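The exercises below ask you to read a protein model closely, each with a solution worked step by step. Please keep the sequence and the coordinates open while you go through them.

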Amino acid sequence: MPAMLCVPVMVRDPASAVEDALSARDAGADVVELRIDPWYTGDSGQIEGVRRLVAGSPLPVIVTCRSAAEGGAFDGPDEALAELYEALGQGEDGPRYIDVEHAALVRSEVVRRAVEGLGEGGPGVVLSMHDTRGRPADLSRRVLAMRGEASARVLKVAFLARSPRDTLEVAELLGERDRPTIALAMGEFGLPSRVLASKLGGFLTFASLRDTSATAPGQPTVSELVDGYRFRSIGPGTLVYAVIGWPVGHSMSPAVHNAGFEAVGHDGVYLPLPVPAGEEGQAGYESLKATLPAWIEHPALGLRGASVTIPHKENLVRLAGEMGWVVESDAEAIGAANTLVVEADGQIRICNTDAEAVVAVLRDRLGERGGLEKLRVALIGAGGMARAAAWGLAEAGATVVVYNRTQERAESLAEALKGALGRASGNAKENMGKVVAMGLDALPKACADVVINTTPIGMAGGPAPEGTAAPLASMANLGAGAVVMDTVYNPVRTPLLAEAEARGLATVDGVQVFVRQAAAQFEAWTGRPAPVGLFDRVVRERLGVRG
Ligand code: NAP
């Protein structure tokens, strides 16, 4: 049974609650949860109003009066809860379900009597437990106690996830359910537990009508869940993919790959999987090690592929070494990997698609003008992206000169790649280009056919959003028809590219690089050509570029 989609409606005044319930129906929800606690104070005169709201709802209703202790607003007496439950159990057009907190049932005889009096034909009881601070230490014992309550038709367990491993706990809870069960991890780490409800056997999942109406941290909107993550097409056989990094909240990869899966009919879903960096100065290797193998090996989740980004690209190579996974030649030479592939037969391999992306988009731009052999490239920056670009370009025959603010870093990059070139790929020495290092002050005198920026200069929100990484005006030795590439993609038209265009130079923007590295990942996971035009459109739309 696919999980139902439930929209919580905060009842602050009855009129707007009815409107929200209608909007929930129009948005495609199956059920609404009327959260009456912001309005219901325990005054018995309000109960008739609740009954009218339920009767007027266009969708089946769960009535919830969430206590302050479990993240809601109700702080009235248990007698008021009991009276509410009894009243809702009477008559024909009551709610489909009533949410009853397990804690209230345990502590209050009047609540227990009211719940047990609901009977077979009345509303079903969703027996619930919430912890907004974290995973309760006694979670297993409490779930066992909830399972012992015969009056509960549905169980609900929700707690704040403290790490991506908490989704595994949700999967366990659902795997061993003895009746319909809702299990959710709240917060940014818990999103997968919400999206994957149908895959993991959950009874329902919650999604808010709008960004501002979420009733729990990490709750997606209906549109994010249904259009973005294709919630309605997820089932037990759906393959799971993720972007792993810290932070990943603003990653464009979920939008790109989910749209791609839809376009080619691949039964997959792609999620953000935030894996924390360590303490200052540490890359969070232990977090990656604690998360990634467990997600791959979990029988219900079975992660089948991942894009890996800052700060875990180097960590992935180290982890692959420890786990005995296959490290492809590009990742080995570069010392960093951005892609994980779990084959259908269980073999796991990692690779680096940034290098091939830079080479491919440059080849496309050069077109008729031929290959990259003997091409002179001025590469600015000596970080992870520079390393991938330098290796890919030199393997393709280009002469790469690395210019970096910290010259020693450029030198150690060149030194490391000198040994790596051709070794892992098996490329013959005579076809190989080379990588050398220079100080940034030598850049104006560079003789180059191609200039590539791999620093964050020009990036919105970066260290120098108005800056240009290369002084094109004083670079007199640029070859005829030089190409300027910026790997920064936000904004798409960086100050460097704008200046290059103004000087009549050919340009390649960072979106093209991003799309190509994503396309190579998509092809590795699905075995199908990536819809690159769609990828490009999705990214440019998200960055606010038209056409
Ligand atoms: P990284 O490892 O942190 O390296 C950053 C490099 O930029 C370092 O060489 C650093 O120099 C230099 N740098 C930083 N701030 C600078 C400044 N104010 N002035 C001069 N140099 C500066 O980062 P990365 O992973 O290589 O990523 C770099 C950029 O590539 C990102 O900003 C991103 O926009 C882009 N990127 C694009 C894609 C894509 O798909 N299009 C993918 C990955 C990355 P020092 O060595 O002196 O610190």
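**Exercise 1.** In which sense, and over how many bridges, do strand S9 and strand S11 pair?

Solution. This is a predicted model, in which local features need pLDDT of at least 70, side-chain atom pairs count only at pLDDT 80 or more, and totals for chains, interfaces and linings use all residues. Residues are numbered from 1 along each chain as its sequence is written, and side-chain values use heavy atoms, with hydrogens and water left out. Begin with the terms: helices (H or I, at least four residues) and strands (E, at least two) are DSSP runs, numbered from the N terminus, and two strands pair if DSSP finds at least two bridges between them. Strand S9 (residues 239-245) and strand S11 (residues 303-308) are parallel, with five bridges, and Val-240 stands opposite Leu-303 in S11. Next, place the pair in its sheet, which is open and has six strands in the order S10-S9-S11-S13-S14-S12, with mixed pairing. Its edges are S10 and strand S12 (326-327), each of which pairs on one side only.

**Exercise 2.** Determine whether Val-115 is buried or exposed, and list its contacts.

Solution. Take the cut-offs first: buried means under 20% relative accessible area, exposed over 50%, and partly exposed in between (1.4 Å probe, protein chains only). Val-115, which belongs to helix H5 (residues 109-116), has a relative accessible area of 4% and is therefore buried. For the second part, contact means heavy atoms within 4.5 Å; leaving aside neighbours within four places in sequence, Val-115 is in contact with Tyr-85, Val-100, Leu-105, Val-125 and Ser-151. Tyr-85 is itself one of the buried residues of H3. Helix H3 (residues 78-88) is mostly covered, with eight of its eleven residues buried, and the cover of these buried residues includes helix H2 (47-56), strand S3 (61-64), strand S4 (97-101), helix H4 (102-107) and H5.

**Exercise 3.** Describe the second largest pocket by its volume and its lining.

Solution. On a 1 Å grid over the protein atoms alone, a pocket is an open set of points with protein on both sides within 12 Å along at least five of seven lines, where a 1.4 Å probe fits, and lining residues have an atom within 4 Å of a point. Grid points are joined across faces, edges and corners, and a volume is the space filled by probe spheres set on the points. The second largest pocket holds about 660 Å³ of space. Of its 25 lining residues, Leu-191, Glu-224, Tyr-229, Gly-249 and Arg-542 are the closest to its centre. Two or more lining residues come from each of helix H10 (222-228), helix H11 (253-264), strand S10 (268-274) and helix H20 (532-542), and H11 gives the largest share, four residues.

**Exercise 4.** Compare the two non-glycine residues Arg-230 and Lys-374, beginning with phi and then turning to accessibility.

Solution. Arg-230, in the loop between H10 and S9, has a positive phi of about 50°. Lys-374, in the loop between helix H15 (353-366) and strand S15 (376-380), has a positive phi of about 65°. As to accessibility, Arg-230 is buried because its relative accessible area is 10%, whereas Lys-374, at 64%, counts as exposed.

**Exercise 5.** Which peptide bond leading to Pro-247 is cis, and where does this proline lie?

Solution. The bond from Trp-246 to Pro-247 is cis, with omega near 0°, and Pro-247 lies in the loop between S9 and H11.

Technical notes: Ala, Val, Leu, Ile, Met, Phe, Trp, Tyr, Cys and Pro count as nonpolar, Asp, Glu, Lys and Arg as charged, and the others, Gly among them, as polar.
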